[in-house]
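User: I'm new to looking at structures, and I'd love a close look at how one pair of helices fits together, followed by what lies around it.

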Amino acid sequence: MTLEEAADALNAITGLAAAASLLSAFESGRRRTGTRNRAGLCQLYRERPEVLFAHQDGEAASVLETSGTAVVVKVLTRWTDLIEAMVEVASGAREQLVVTGSRSREKAYLAAIETAVAQHPDLVHYRVLYGPPRHRGLSDHLVRLLELRDPAARRNGVKTLHIGVVDQPGVPERFFVASETAAVTPLPSFHGAEGFDCGVLLGREAAVGLVHHGREACASARPVETIEAVRALPMGHTRQQNEEKA
């Protein structure tokens, strides 16, 4: 099979949207195969995972084991440092930009994402929501992204805007921003019981893994790729809003 034929056959099994370029990265070991694609490839090729993915598992494990804590570039202990690092990751993205979570409302951060999408037409942006947006500012941000780009369009044959929402109850929400070179993951506050105002800045090896994580999550999410679809999303409630209603 050609890579394109293999991708089509794999997607028919998994229900995902793996591209031929992604299969090429699987073959070369540049990207690790996620759970659903791994099971699908085993079914497609009728082979055991330890045979198909030995090159991935050995190389990926050795990279992370060798790097150790070096994948953590910096621990971010202040809210201002966290936002600054998230803005820098978004601003520095040129090939891939993955953003997850339904609670974003920091204006500088959302503006940095919009600027990156506007200024770099080859940048592929994935936004994964876990449930509906919790704040009006995020809904407005999604509308602005859709005004900047049409998800149905293809640049050089590649779709460059993906927005999806994970609707399944019980799926934990994930928070991170990742480019092809760096990533930031917020952490629970070091200063009190409320909020996520700390985090870690991660290097290239971890960032590549998180980009792959986000791409697969977006591929299995429900597409929300028109302005009308965004506006039809119910506004999620924060804990504070629920308490006020109670």
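Which residues in α1 meet which residues in α2?

Analyst: Happy to help! Before we zoom in, please note that this is a predicted model, where local features need pLDDT of at least 70 and side-chain atom pairs count only at pLDDT 80 or more, while totals for chains, interfaces and linings use all residues. Residues are numbered from 1 along each chain as its sequence is written, and side-chain values use heavy atoms, with hydrogens and water left out.

Now to your pair. From α1, the residues L3, E4, A6, A7 and L10 meet A20, L23, S24 and E27 of α2. Contact here means heavy atoms within 4.5 Å. Helices are DSSP runs of H or I with at least four residues, and strands are runs of E with at least two, numbered from the N terminus. By class, the residues of this contact are 6 nonpolar, 1 polar and 2 charged. Nonpolar covers Ala, Val, Leu, Ile, Met, Phe, Trp, Tyr, Cys and Pro, charged covers Asp, Glu, Lys and Arg, and the others, Gly among them, are polar.

How do the helices lie? Two packed helices are described by the angle between their axes and the distance between the axes. Helix α1 spans residues 3-14 and α2 spans residues 20-28; their axes are 8 Å apart, at an angle of about 100 degrees. That is why α1 counts as roughly perpendicular to α2. The axes are lines fitted to C-alpha atoms, for helices over the stretch in contact, with angles from 0 to 180 degrees between N-to-C directions. Angles of 65 to 115 degrees are roughly perpendicular, under 35 roughly parallel, over 145 roughly antiparallel, and the rest oblique.

For contrast, look at another pair. Helix α6 (residues 79-92) and helix α7 (residues 107-119) have axes that come within 8 Å and cross at roughly 5 degrees, so α6 is roughly parallel to α7. Here M86, V87, A90 and S91 of α6 meet A108, Y109, A112, I113 and A116 of α7. This contact has 8 nonpolar residues, 1 polar residue and no charged ones.

Back to your pair and its surroundings. N37 sits in helix α3 (residues 35-45). Setting aside neighbours within four places in sequence, N37 is in contact with L10, T14, L16, A18, L22, F26 and E216. N37 has a relative accessible area of 2%, so it is buried; buried means under 20%, exposed means over 50%, and partly exposed is in between (1.4 Å probe, protein chains only). The side chains of N37 and E216 are joined by a polar contact of 2.7 Å. That term means a pair of N or O atoms within 3.5 Å; within protein, one must be able to donate a hydrogen and the other to accept it, and residues adjacent in sequence count only if both atoms are side-chain atoms. Between the C-alpha atoms of N37 and F26, which are 11 residues apart along the chain, the separation is 9.9 Å.

F26 is also touched by T33, whose other contacts beyond four places in sequence are R38, L41, F53, Q56 and H212. T33 is found in the loop between α2 and α3. With 8% relative accessibility, T33 counts as buried too.
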